[in-house]
Amino acid sequence: MGYLESRKNLAGCVAGLGGLGLTFAGAAGTYWPVVIGGLYGAAALIAPPERPRSPEFPDPEEQLEAVRTDFATLREYLGEVTLPPAAGGRLTELTDLLEALLEPGWVGDALGRDPEAVHALSRAIRQDIPEAVDTYARARWWTRLNPGTEPPERHLERQLGLLFEEADALASALRDTEARRQETHTRYLEDRRRGG
């Protein structure tokens, strides 16, 4: 069925119709079936091949919706984990910032226009935060068996601090983008007033 709609078949059919025209004009003679078949075959051979369809990927706004769903799953997981107070405070700061960034509305719209920002949030939510918390939980168990080593709480606090700095830099970049957009609109209005 796909071949019937292909470029090769369509080119062959057009050439075959040309051969049919030659037959009616009397140029093909008694060999008219060979002429029509030959023209069809030649056109089908030289026609360009079909191009494969380019893959369709979800746009950043669709990806952002999936990240929101994953963030809700992460919040459930974090609710079940017991953390020391300092790390718990860092984690709360981080999740509050992520929640603000993922909030539907104009912030989500600004974020949805930046695929790199969506990827960074996705990586933090799907990989970095769960890995940091899970590694802490595993290391804490081993520390009980081997006292005197560096407490895993310190690593967790540093990791959460670094993740907060990353998310804060992302929020600052989005804020700067919106500020530049506002400044550009102000300049446009000023130029329009001067010109008109």
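These legends accompany close-up views of charged and nonpolar side chains in a predicted model.

**View 1. Arg194 and its partner Asp191 in helix H7.** Let us start with a pair whose side chains meet in a salt bridge, Asp191 and Arg194, with 3.0 Å from N to O. The two residues are three apart in helix H7, so about one helical turn separates them. Asp191 is partly exposed because its relative accessibility is 46%. Arg194 has a relative accessible area of 64%, which means that this residue counts as exposed.

**View 2. Glu190 also forms a salt bridge with Arg194.** Here the closest N and O atoms of Glu190 and Arg194 are 3.9 Å apart, and the cut-off for a salt bridge is 4 Å. Helix H7 covers residues 152–195, and Glu190 and Arg194 are four residues apart in that helix, so they too are separated by about one helical turn. With 39% relative accessibility, Glu190 is classed as partly exposed.

**View 3. Arg123 pairs with Asp128 in a salt bridge.** If you place a distance label here, the closest N and O atoms of this pair should read 3.8 Å. Arg123 counts as partly exposed, because its relative accessibility is 32%. As background, side chains of opposite charge can pair when their charged atoms come close. For the model, the count of salt bridges comes to ten.

**View 4. A patch of negative charge on the surface.** Which residues gather in this patch of negative charge? They are Asp59, Glu61, Glu62 and Asp109. To help you find your way along the chain, Glu62 belongs to helix H3, which runs over residues 60–79. Residues that form a salt bridge are left out of such patches, so the members shown here are without one.

**View 5. Leu17, Leu20 and Phe24 make a nonpolar surface patch.** How much area does this nonpolar patch have? Its area is about 350 Å². Leu17 sits in helix H1, made of residues 7–25. The relative accessible area of Leu17 is 58%, and exposed means over 50%, so Leu17 counts as exposed. Nonpolar side chains are joined into a patch when they lie within 5 Å, and in this view the joined side chains are those of Leu17, Leu20 and Phe24.

Methods: Residues are numbered from 1 along each chain as its sequence is written. This is a predicted model: local features need pLDDT of at least 70, side-chain atom pairs count only at pLDDT 80 or more; totals for chains, interfaces and linings use all residues. Side-chain values use heavy atoms; hydrogens and water are left out. Patches are made of residues with over 30% relative accessible area and no salt bridge: like charges are joined within 9 Å, nonpolar side chains (Val, Leu, Ile, Met, Phe, Trp, Tyr) within 5 Å. Accessible areas come from the Shrake-Rupley method with a 1.4 Å probe; for residues, only the protein chains shown count as cover. Lys and Arg count as positive and Asp and Glu as negative; His and the chain ends are not counted. The place of a charge is taken as NZ of Lys, CZ of Arg, CG of Asp or CD of Glu. Buried means under 20% relative accessible area, exposed over 50%, partly exposed in between (1.4 Å probe, protein chains only).
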